[in-house]
Amino acid sequence: MKKLHILLVAAGLLAALPAHALTITFDYTYDSRGFFTDLATGTPLLERRAILDQAASFYSGFTDSLTAIAPQAGDSWSVQMTHPSLAGAAVTLNNLNIAADTLRIYVGGSSSAPGVLGFANTGYNLVATGSDAFVDAVTTRGQANTTGPAATDYAVWGGMIWFNAAHDWYFGSDTSGLTAGRPDFLTTATHEIGHILGFGEADSWQAQIENGYFTGAASVASYGGAVPVDQYGSHWAAGVSSTYDGSPQGTLMDPSTVRGQRELPTALDYAAFKDIGWQVQATAVPEPESVVLLVAGIGLISLAARRRQAAA
Ligand SMILES: [Zn+2]
């Protein structure tokens, strides 16, 4: 009976999600150096992958209707991206099918020099040919006015994230084991997804940068004025703070996070996504407890099982 109760709770939460909730799927095809996979056995490292899904859940309140990318006869598209495990040359992706309201993010990791936690991009040399509707689906996902100096919206097929495996990452769902000096994987994953969703990258972000400040209306209202950005215009400036769940917190999308600390999307971070063109539901901020539930019933059960193992 207890199991039934858990599933009913999860079903109730899922029913409450908006009709076009953004789905982010992670693809491990290029995890060739074993950051998310035990290379000796081929076994997925489920604890790490579950944290990626938890990171994606912070964007599940985005409700834009994204057109499916579904090549038909006469349609083709390709995009190149950095190899997510930095293994060899770039990867060229050809004629991917991507479902409506869905982004696909290729992930991997490898050891690199300290100082960087990870990076993300949405690829380059994107080429699409075929029907007008198909080309529009690939390049804008059906959103209007996404390019140029007066852009007001943004959408993308997906992207890639590389994580630096040299760090002693903390892979916990909650912060109970997050000790000083360890970078928090959930924080970095949520930050990198934010870049793929256009933060610091989209034309509609660049269009609202003036003299080192971001001037988007929702952000200005949240911050109480234009918001300073870093020297590259790709993050908030270091030290910009807002609130998470009503409490003061450094922004997720500033350039760095103190090791041993967790930062999640603040009110100001969500305001910027709204200014970039995402339809952000007011209820988008998952409570810390409900994040686990939003992962879905099966995730809830596996997390509970892991806690038992940890206590044993
Ligand atoms: Zn960043």
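This tour walks through a predicted model, stop by stop, and says what to select at each one.

**Stop 1: the whole chain**

Start with the chain as a cartoon. You should find nine helices and 14 strands. Of the 312 residues, 48% are buried. If you display contacts with a sequence separation of 6 or more, 70% of them join residues that are 24 or more positions apart.

Now colour by pLDDT. The chain average is 87, and 84% of the residues score at least 70. Residues 1-18 fall below 50, and this stretch has twelve contacts in the model beyond near neighbours in sequence. Residues 287-312 also stay under 50, with 24 contacts beyond four places in sequence. Where pLDDT is low, the predicted coordinates should not be read in detail. You may like to fade both stretches before moving on.

**Stop 2: the zinc ion**

Select the zinc ion and show its surroundings as sticks. Which protein atoms are its donors? They are NE2 of H191, NE2 of H195 and NE2 of H235, lying 2.0 Å from the ion. Along the sequence these residues follow the spacing H-x3-H-x39-H. H195 sits in helix α4, while H235 belongs to the loop between β12 (227-228) and β13 (241-244), so this pair ties together parts that are 40 residues apart in sequence.

Are these donors buried or exposed? H195 is buried, at 8% relative accessible area. H235 is buried as well, at 13%, and H191 is buried at 9%.

Stay on H191 for a moment, which is found in helix α4. Its side chain makes a polar contact of 3.4 Å with the side chain of H235. Leaving out neighbours within four places in sequence, H191 is in contact with H235, L252, M253 and D254.

**Stop 3: T257**

Next, pick T257, in the loop between β14 (247-250) and α7. With a relative accessibility of 22%, T257 counts as partly exposed. Not counting residues up to four places away in sequence, T257 touches T187 and E263. Display the side chains of T257 and E263 and you can trace a polar contact of 3.3 Å between them. For a distance to try in the viewer, go from the C-alpha of T257 to the C-alpha of D184: the two are 8.7 Å apart in space and 73 residues apart in sequence.

**Stop 4: the aromatic rings**

Show the side chains of Phe, Tyr and Trp. The structure holds 27 aromatic pairs. A pair of aromatic rings is described by the distance of the centres and the angle of the planes.

Zoom in on F62 and W278, a tilted pair with 5.6 Å from centre to centre and 35 degrees between the planes. F62 comes from the loop between α2 (46-57) and β4 (76-81), and W278 from the loop between α7 (267-276) and α8 (288-294), so the pair ties together parts that are 216 residues apart in sequence. Both F62 and W278 are buried.

Then turn to W169 and F185, which form an edge-to-face pair: 5.5 Å centre to centre, with 85 degrees between the planes. W169 lies in the loop between β9 (158-164) and α4 (185-196) and F185 in helix α4, so the pair ties together parts that are 16 residues apart in sequence. W169 is buried, and so is F185.

Go back to F62 and W278 and widen the selection. Together with Y59, Y154, F199, W205, F214, W236, Y270 and F273, they form one aromatic cluster.

**Stop 5: two arginines over rings**

Select R48 and F35. The charged end of R48 sits over the ring of F35, 5.0 Å from its centre. Then select R49 and Y28, where R49 lies over the face of Y28, at 3.7 Å from the ring centre.

**Stop 6: helix α3**

Finish with helix α3, residues 132-140. Which of its residues are buried? They are F134, A137, V138 and T140. Show β4 and β8 (124-129) alongside, as these are the strands that the buried residues of α3 pack against. One backbone detail closes the tour: just after α3, R141 takes a positive phi of about 55 degrees.

Definitions and conventions:
Residues are numbered from 1 along each chain as its sequence is written. This is a predicted model: local features need pLDDT of at least 70, side-chain atom pairs count only at pLDDT 80 or more; totals for chains, interfaces and linings use all residues. Side-chain values use heavy atoms; hydrogens and water are left out. Rings of Phe, Tyr and Trp (its six-membered ring) pair if their centres lie within 6.5 Å; planes under 30 degrees apart count as stacked, over 60 as edge-to-face and the rest as tilted. Helices (H or I, at least four residues) and strands (E, at least two) are DSSP runs, numbered from the N terminus. Buried means under 20% relative accessible area, exposed over 50%, partly exposed in between (1.4 Å probe, protein chains only). A charge sits over a ring if NZ of Lys or CZ of Arg is within 6 Å of the ring centre and within 35 degrees of the ring normal. Donors are N, O and S atoms within 2.8 Å of the metal (3.2 Å for Na, K and Ca); water is not among the atoms, so sites may look incomplete. pLDDT is the predictor's confidence in each residue, from 0 to 100. Contact means heavy atoms within 4.5 Å. A polar contact is a pair of N or O atoms within 3.5 Å; within protein, one must be able to donate a hydrogen and the other to accept it, and residues adjacent in sequence count only if both atoms are side-chain atoms.
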